[in-house]
Amino acid sequence: MPMLERNMCGKDQHLQKDFFLYTASKVKCKTYINLREVTERFHLPPGEYVIIPTTFEPHQEGEFILRVFSEKRSTSEETENSIGSNQIQQDKKKKDKPIVFVSDRARANKEIEHDGIEGERKKKPKRKLLESEEETEEEKQFRAIYRQIAGEDMQVCANELKMIMRNVLSKHNDIKTEGFSLETCRSMIALMDTDGTGKLNLQEFKHLWKKIKEWQLIFKRYDKDKSGSISSFEMRNAVKNAGFNLNRQLYDIIAMRYADEQLNIDFDSYICCFVRLEGMFRAFNAFDKDGDGVIKLNVLEWLQLTLYS
């Protein structure tokens with residue numbers, strides 16, 4: 001049970017590994033052994049403490065009871081209990097209005113904007129997608145690959161997106177990956193598809209790749225051994241760095257859904273998780289008109305929301 005320094009008191013934050021390396025515990029169990037029940041009683045001076053319950057074996061479930069007796073009123077709370085997305089809050093300030101359902105997108109005969117991508121009132125000439133003002137060398141490569149795979153309509157489905165991503169990632173040797181799964185590519189399309197076609201045009205793909213590059217940099221920061229995977233503990237920090245604020249229950253769900261038996265998360269699962277988080281936060285905030293953190297959906301809206309994500 002470490003005691004927080006004065007400059008850390010009153011702050012709800014995730015404590016990094018260095019905190020535990022350089023901060024000694026004020027009290028702890030006398031013997032750390034594998035018993036069904038361990039009980040300890042401590043007497044501590046007034047202050048702000050971090051209580052860390054643990055199990056003898058890692059990644060095991062356990063139940064813990066904490067009883068506090070004090071002369072004056074004391075409070076306790078679970079850290080990282082707020083849920084939100086920094087990017088979504090920034091979009092709200094810009095008054096972005098993402099359209100959620102593919103049926104809504106298809107019916108909406110008006111200009112919409114989704115993460116910087118403008119919607120269209122009517123179909124524009126296909127060659128518009130081939131025009132560019134100033135392109136980087138990477139964008140020129142995208143255009144060549146896209147033209148080769150997409151065909152005349154210059155739009156790609158999930159299978160075609162998978163091929164494009166494999167070609168693009170093969171040129172990035174700093175990430176050990178065999179590309180993205182078909183399910184991940186479907187989630188990518190659901191996130192970036194602003195016109196309700198179930199496909200991505202080149203402009204939508206560019207914005208998707210921009211997001212993937214941002215998430216890729218975060219992944220590389222924690223994949224120090226370049227194994228192509230990060231631990232579920234490192235995933236907590238990566239999620240935070242990407243601008244998502246989750247609580248412990250959601251981190252447990254991420255580990256259960258996306259990690260392997262050793263609780264490691266590979267690059268494909270990592271990107272799939274971030275795509276789903278981004279999409280679900282955007283969908284929720286599209287329904288949360290008054291910003292009170294509560295939405296009401298009927299069964300049709302719920303099924304549309306969950307099926308196309």
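This passage describes the salt bridges and the largest nonpolar core of a predicted model. Residues are numbered from 1 along each chain as its sequence is written, and side-chain values use heavy atoms, with hydrogens and water left out. Because the model is predicted, local features need pLDDT of at least 70 and side-chain atom pairs count only at pLDDT 80 or more, while totals for chains, interfaces and linings use all residues.

Side chains of opposite charge can pair when their charged atoms come close. With a salt bridge taken as a side-chain nitrogen of Lys or Arg within 4 Å of a carboxyl oxygen of Asp or Glu, the count comes to four. One of them joins glutamate 183 to arginine 186, with an N to O distance of 3.9 Å. These two residues lie three apart in helix H6 (residues 182–192), so about one helical turn separates them; helices here are DSSP runs of H or I with at least four residues, numbered from the N terminus. Both ends of this pair are partly exposed, glutamate 183 at 41% relative accessibility and arginine 186 at 45%. For these classes, buried means under 20% relative accessible area, exposed over 50%, and partly exposed in between (1.4 Å probe, protein chains only).

Glutamate 278 offers a nice companion case, as Lys211, Glu278 and Arg282 are linked in a network of salt bridges. The closest N and O atoms of glutamate 278 and lysine 211 are 3.0 Å apart. This pair links distant parts of the chain, with glutamate 278 in helix H10 (residues 267–287) and lysine 211 in helix H7 (residues 202–222), 67 residues apart. Both glutamate 278 and lysine 211 are buried. Glutamate 278 also bridges to arginine 282, where the closest N and O atoms are 3.1 Å apart. Here the partners sit four residues apart in helix H10, and therefore about one helical turn separates them. Glutamate 278 counts as buried because its relative accessibility is 3%, and arginine 282 counts as buried at 5%.

Turning to the nonpolar side chains, the largest nonpolar core has 52 residues; such a core is a set of buried Ala, Val, Leu, Ile, Met, Phe, Trp, Tyr and Cys residues joined through side-chain atoms within 4.5 Å. The elements giving two or more residues to this core are helix H4 (137–150), helix H5 (158–169), H6, H7, helix H8 (232–241), helix H9 (248–258) and H10. Leu161, Tyr270 and Phe274 have the most contacts inside the core. Leaving aside neighbours within four places in sequence, leucine 161 is in contact (heavy atoms within 4.5 Å) with Val156, Cys185, Met188, Ile189, Leu200, Phe205 and Leu208.
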